[in-house]
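Visitor: Please zoom in on one part of this model for me, then work outward from there. I'd like the cut-offs spelled out as you go.

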Amino acid sequence: MPASTNYRATASAPSNIAIVKYWGKQGVQEPVNPSISFTLSKALTHTTIDYRPGPEALTIEFLFEGWPKDSFLPKLNALTRRLVQHLPYLEKGHLRIESSNTFPHSSGIASSASSMASIAKVLVEIQQQLSATKDSEINHEQISELARLGSGSACRSTLPGWVLWGETEALASSSNRFGVSINEVIHPTFKDLQDTILVIRKGAKSVSSTTGHQLMENHPYREGRIDQANRNIKKLLNSLKEGNFNTFAEVCEEEALSLHGLMMSSSPGYTLMAPESLRAIRRIQKFREHHHVPLTYTLDAGPNIHLIYPKAQRKILEPFIREHLQPLCDNQEVINDELSID
Ligand code: PMV
């Protein structure tokens with residue numbers, strides 16, 4: 001190949017929301033416990049990469065929504081260093097990476113998952129162009145593994161629908177290296193779940209997930225947490241197979257509150273919930289007690305609440321969300337997304 005040839009590829013990837021949370025790492029970006037998430041359909045990152053081969057060590061330029069964003073370069077440098085053994089072209093030359101999101105920044109949607117998953121897809125596509133490999137020679141497991149090396153949860157964003165990542169005796173094909181689809185065992189109740197995100201607070205988090213994962217290394221409840229996640233994986237898988245919404249909701253809420261409990265009991269401890277997050281949780285519980293609707297919630301590592309419910313409940317829930325939850329949101333903002341299975 002002449003050194004002057006440039007290579008260009010584009011790909012998109014969605015974000016995902018974890019029901020059983022990945023919290024704590026081991027080795028190179030492997031999880032200390034298995035997790036299960038569902039992939040969203042509207043919250044996407046689009047990425048285009050131009051690669052110019054050259055003799056010098058790799059340099060990277062990153063533009064986010066049209067503007068240079070150098071604060072993301074350390075993450076990209078770490079990613080490309082990890083990927084060199086899989087994609088040798090990343091040793092030299094120049095990468096111009098341009099990304100944009102279909103969702104607002106700092107809205108409680110995990111942008112690292114969609115962003116790293118889309119970047120991994122494009123980098124693999126460029127490797128194919130360089131070596132003229134056929135599409136079929138790159139398998140899903142490899143893309144998921146490369147995405148994981150950018151951001152753990154990103155390995156679940158390379159597949160649609162329900163995805164399990166991390167070794168568990170509950171699923172023989174599970175792996176710490178990549179996400180696997182569990183769509184074939186899912187009851188119809190859980191195939192059209194809605195995720196209405198209550199944007200309680202916008203803006204960057206005061207403590208990053210990277211720090212949160214690190215704090216799990218010497219956490220006093222580390223072993224207990226690992227046991228809890230493993231138990232919840234089994235319980236969640238059973239509820240997803242049987243279509244049991246009550247058990248699903250139990251796991252979902254236990255995981256959300258446990259994640260934030262682990263943050264509070266870290267050393268140093270910290271809080272990411274806001275007063276409105278707790279108010280929203282109480283209103284959701286009360287509404288459910290009175291109306292007996294299948295409705296639950298989860299939180300990521302931030303103050304925003306993800307309301308989770310089957311599509312058939314949307315009409316009943318709309319007035320409740322509008323009148324009782326939206327006023328708790330920053331600028332009344334809510335984002336409607338849903339599970340995508342294809
Ligand atoms: O993938 P990371 O390093 O951004 O960590 C994500 C951690 C949680 O979002 C809190 C849980 C999860 O499993 O997605």
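Guide: Let's start at the ligand, with a term to settle up front: a polar contact here is a pair of N or O atoms within 3.5 Å; within protein, one atom must be able to donate a hydrogen and the other to accept it, and residues adjacent in sequence count only if both atoms are side-chain atoms. Bear in mind that this is a predicted model, where local features need pLDDT of at least 70 and side-chain atom pairs count only at pLDDT 80 or more, while totals for chains, interfaces and linings use all residues. Residues are numbered from 1 along each chain as its sequence is written, and side-chain values use heavy atoms, with hydrogens and water left out.

Around the ligand there are 13 residues, and Tyr 22, Ser 153, Arg 156, His 213 and Asp 300 come nearest (to be near, a residue needs a heavy atom within 4 Å of the molecule or strand). As for polar contacts, a side-chain N or O atom of Arg 156 sits 2.8 Å from a ligand oxygen. For Gly 152 the partner is a polar backbone atom, 3.5 Å from an oxygen of the ligand. Ser 112 uses a polar side-chain atom, also 3.5 Å from a ligand oxygen.

Now for the helices. Helices (H or I, at least four residues) and strands (E, at least two) are DSSP runs, numbered from the N terminus. Ser 112 falls within H2 (residues 111-131). H1 packs on H2 at about 45°, axes 12 Å apart; axes are lines fitted to C-alpha atoms, for helices over the stretch in contact, and angles run from 0 to 180 degrees between N-to-C directions. That makes the pair oblique: under 35 degrees is roughly parallel, over 145 roughly antiparallel, 65 to 115 roughly perpendicular, and the rest oblique. The crossing is right-handed, as the near helix is turned clockwise from the far one by less than a right angle (anticlockwise would be left-handed). Lys 75, Leu 76, Leu 79 and Leu 83 of H1 meet Met 116, Ile 119 and Leu 123 of H2, contact meaning heavy atoms within 4.5 Å. By class that's six nonpolar, no polar and one charged (Ala, Val, Leu, Ile, Met, Phe, Trp, Tyr, Cys and Pro are nonpolar; Asp, Glu, Lys and Arg charged; the others, Gly among them, polar).

H1 (residues 73-83) also crosses H3 (residues 140-150), at roughly 140° with the axes within 8 Å. That makes H1 oblique to H3, and the crossing is right-handed. Leu 79, Arg 82 and Leu 83 of H1 touch Leu 146, Leu 149 and Gly 150 of H3.

Further along the chain, H5 (residues 222-242) and H6 (residues 245-264) pack at about 155°, axes 9 Å apart, so they run roughly antiparallel. Their crossing is left-handed, and the contact residues divide into six nonpolar, five polar and five charged. Gly 243 lies in the loop between H5 and H6; beyond its neighbours within four places in sequence, Gly 243 contacts His 187, Thr 189 and Phe 190.

One last stop is the loop between H6 and H7 (275-291), home of Pro 268. A cis peptide bond joins Ser 267 to Pro 268, with omega about 0°.
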